[in-house]
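Biologist: I have a chain open here and would like to go through it. Can you take my questions one at a time?
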Amino acid sequence: MVIANVLNTYTTASGLWQYDYGQILRIQNLKLPHAVEIHFSLQEKGGESVTRVGTTRDNVTDVVIPDSMLENGDTTADYKIYAFIYLTDSESGQAEYKISMSVKARPKPEQFEKPEDEKLFRQAIAAVNESATSAQESATRAETAKEESVAAAKKAKQSAEEASTSAQNAKNSADASKGSEKTASSAATEAVNAKDIAVKAADSAYNSALASSRSAKEAQTNAEQADTAAKSAAQSKQDIQELKTAIDSTAEQIATDRTTVETDKKEVQKAKSDVEDLKSAVEQKSSEALVDLENTEVVIKKNINDLKDVVIEKGNEAISGIETARDNAINDVNNAKDSAVNTIAQEKESAVNAVNDAKDNAVAEINKNENVQQIKQNKEDIAEAKTDIEELKDKKITKFYANSIGESYLQDSDNSKIQDMILYGRSEQKQYTGKNLANGVNNGLWLSSGATICGISNTDSGLFIDVSELSYVTVSTRNKQKRYRVGNINTLPTKENPNIDCYNGTQMDGQDKSYTLDTTGYKYLVVNATNLEDIQIEIGTEATEYEQYVGGIPSPNIEYPQEIKSVINPVVKIIGKNLLDVSKIINKTINGVEFTPKTDGALIANGTATNNVTYNIVTGFAIKAGTYAIKGCKAYYRTIDNKTGWFGTDKNTFTVATFDSDALLNILIFIPTGTTISETLKPMLIKGNTDGEFEKYKEQIINLPYTLNSIPVSKNGNVTINGQQYVSDYIDIERGKLVKCIAKEILNTKSGTIDEEYRLKINTKNRGKTGNLECLFSKFIFTYWETCVNKNNLYLKNIKKQNGDMYTAQELKEAEIEFTVLCQLEKQEEIDLTQEEIKAFKELATYYPVTNVSITSDQLDGYTTFNYPISMKNGWDYVKQQLGDTRDYIYDVDKKAQDIDTQSAEAYVNSEYAVALTELEVM
């Protein structure tokens, strides 16, 4: 069962695993109909949803989660199920609430079956009917409990009135029995005792009535019934206090007839017993009401507070009445004392003392009871206030978090720990179409400047290809060529016949243009160029992007395999704004100029250059394509497409450059001969084009001894990078696990067997999953079989030779071709990270205001996602933008407020926007 405590329009829940079935979503804190539509979907937006009927009982709604979504097509990645609560009436319907449920992926269990949806629907209908009947019975019991509570209160009042009557009878008997000194003294004592018993009986009746009132209040379901209960309780208390006053005013006047007083005392005790019995009955009924209404609590804070205020007000009035009654009792006792002195002078002192003692004890008892109740109430109020304060503290927003989504450059990060980091592996293999026919072989061919004569030269580079079956070919170069000439010939030159005629030729020395030749009727195409490896010859009249020569057929192939690269021994780096690490620079003097590094990353240059000075800071510094700014130094760059140039100056000013492709930088400080310098340089390289204050290089590094592989797939990947899905090994930092999803094996065609379809079948050690899967191979591209592994077998067929023919299964087996394959594991394998690694990851934090993240390795860069803190201002600005709010608020919620306006703004930010945050992601 998954429980969703719905406090806002968007709620999250967890606790589900893939392949669970028959799971219930329990929705609490909402008043929903007995039967309510709930739409389930695997997508937050778009697509279609599955409708289920939820049943509501005692304000708790249960609905069965579709088993199909708990299976989710055998996906291997964690995912979410969304539930939309859809409310309808006779004229309209709309989604009111959204619940997001996290599902953790796991291996598929053996012989997995799920119950039929039709059965679940019938169960839902039956549950609706049962819930409706139960709700009606519960309401009836609640009403009965309320009526019984009211009757109990009335009975309490009646018993109290009977006690008053008994006390009055005792007074009358006492008045008629004035006689002897001994009887007067005893009567006074018994009068006090009778008063004490009556007071206690009245208190018990009052407490029973108040308990009845509270039970009735808890059984009510709206504010009006709560108010009625409050008024009833207050009236009952007032009646009882009036009774106390009457008892106080008469008790001290009770006279001397002990026999009559004893009789009256028994009657008072009987009244007290009746009240206690009544209290027990009320408590029993109230307890039953609470059991019946256990799941129907409806708390309306405002009305409860109003009720509390009313009770307090009435209680104060009651206290005032008690004090008045006390004063009246004192007067009555004094009058009785004077009368006793006139009648029985010799017993005056003892009678007065007895009555005064009884009076003081009674008053003290009354005050004690009142003080205890007030102290108890004060403690409860303080506890409630503490709870409210803690609740407010928990809801106070002190950080906004965004997800990196693979981004390596975080422009608005704040100083705090990184959370929920996952490090994904990558695998890459260059694949080529085979379009380039220029084999790069230097045949020593030479073309004249007019491309009319072809010959052989030991000092020139030239190649030829057979074009006897081609009509048009296009020649291009990926870089400028100092010597660049093309033409057609019919015979190849030899040492014996070194000079032959060249046709349709052209000279393009010092250029990087393309040229299309009509090769119809000619046998060979000749290219004379400075760098033959940069030449591309392709069929047709259009020059396309350069591709290396791979035998004229798609590669990887057996003659031209392609290495599969992965993330090997990854290094995780968290770096601040400055990318340039000068911590290893040492103090040195070059040609008269002394360079002294400082601890803050600056560099002092002092002296006169007797010759050109080149102070190398770092060489071969790799940067990704993008815009960069450099300050306090300069760099010589070379891009991956062999573009070169200078970037930056030797001064403390920023210079900006944009690189269209990845590049390597040699970063240095250059001082020409004769230059006198005395300056503190601040070398800094930053991503982006924004100037800024100098910042020392800061970094956090973690080295990992793992290999993380991946396979590009068309569906069911566990990570998407640049729009491409992958099944990837990954490191889950929160769980402290390395999760292996990919198997890497080295196989040999020699071990295969030939099946009935003339395929070479090779066992893969039971690593694959049932059903064909996409794989990577170092020497094959499948042109016939779109996928490769089925359970534990790999099938090879339609593998091309360089001449275009197909290998037979027998030829592949006899060739004993060794190759590497990556394929999915049938079951994921989990490996525990070391405690040192987990601790190091947990300590990773971002910098303010810029953080650079890199996952480098011996071969490929890794890919990571994590949550990181951003500035409070930008976080709130994002929320305001989503809400269309242009007002200004206080963003520093920890600031000590000095005026009510600041407090109000702070409270608004932390309450109004907190709701919006549950529905928005800060990107």
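Modeller: Of the 923 residues in the chain, 43% count as buried, where buried means under 20% relative accessible area, exposed over 50% and partly exposed in between (1.4 Å probe, protein chains only). This is a predicted model, in which local features need pLDDT of at least 70 and side-chain atom pairs count only at pLDDT 80 or more, while totals for chains, interfaces and linings use all residues. Residues are numbered from 1 along each chain as its sequence is written, and side-chain values use heavy atoms, with hydrogens and water left out.

Biologist: How many helices and strands are in the chain?
Modeller: The chain has eleven helices and 52 strands. These are DSSP runs numbered from the N terminus, with at least four residues for a helix (H or I) and at least two for a strand (E).

Biologist: And the surface, how much of it belongs to carbon and sulfur atoms?
Modeller: Carbon and sulfur atoms hold 46% of an accessible surface of about 47,700 Å². That area comes from the Shrake-Rupley method with a 1.4 Å probe; for residues, only the protein chains shown count as cover.

Biologist: What share of the contacts is between residues 24 or more positions apart?
Modeller: Such pairs make up 74% of the contacts with a separation of 6 or more. A contact means heavy atoms within 4.5 Å.

Biologist: Which residues have the most contacts inside the largest nonpolar core?
Modeller: Those are Phe595, Ile667 and Leu685, in a core of 33 residues. A nonpolar core here is a set of buried Ala, Val, Leu, Ile, Met, Phe, Trp, Tyr and Cys residues joined through side-chain atoms within 4.5 Å. Among the elements that give two or more residues to this core are strand 27 (593-597), strand 28 (603-608), strand 29 (613-623) and strand 34 (663-671).

Biologist: What does Leu685 touch?
Modeller: Not counting residues up to four places away in sequence, its contacts include Leu579, Leu580, Phe621, Ile623, Phe647, Leu665 and Ile667. Lys577 and Asn578 are also among the residues Leu685 touches.

Biologist: Which strands make up the open sheet that includes strand 27?
Modeller: The order is 26-27-28-35, with antiparallel pairing. Two strands count as paired if DSSP finds at least two bridges between them. Strand 26 (588-590) and strand 35 are the edge strands, each pairing on one side only. On average, neighbouring strands of this sheet are turned by 15 degrees against each other, direction ignored; the axes are lines fitted to C-alpha atoms, for helices over the stretch in contact, and angles run from 0 to 180 degrees between N-to-C directions.

Biologist: How many bridges join strand 27 to strand 28?
Modeller: Five, and the two strands run antiparallel. In that pair, Thr596 stands opposite Ile604 of strand 28.

Biologist: What about the sheet with strand 24, which strands stand at its edges?
Modeller: This open sheet has three strands in the order 13-24-38, again with antiparallel pairing. Strand 13 and strand 38 are at the edges with a single partner strand each, so one side of each has no neighbour in the sheet. Strand 13 (residues 427-429) is joined to strand 24 (residues 564-568) by three bridges, and Ser427 faces Ser566 there. Strand 24 is joined to strand 38 (residues 707-708) by two bridges, with Val567 opposite Leu708.

Biologist: Switching to cysteines, how many disulfides?
Modeller: The count is zero, taking a disulfide as a pair of cysteine sulfur atoms within 2.5 Å.

Biologist: Why is there no bond at Cys502?
Modeller: Because the closest cysteine sulfur, in Cys454, is 6.0 Å from the sulfur of Cys502, too far for a bond. Cys502 is buried, at 8% relative accessible area.

Biologist: Is Asn666 buried, exposed or partly exposed, and what are its contacts?
Modeller: Asn666, in strand 34, counts as partly exposed because its relative accessibility is 30%. Beyond its neighbours within four places in sequence, Asn666 contacts Val618, Thr619, Gly620, Lys634, Ala635 and Tyr636.

Biologist: Last one: where does Gln23 lie?
Modeller: Gln23 is in the loop between strand 2 (10-17) and strand 3 (24-28). Gln23 counts as buried because its relative accessibility is 17%. Its contacts, leaving out residues up to four places away in sequence, are Met1, Leu16, Val63, Val64, Ile65 and Leu70.
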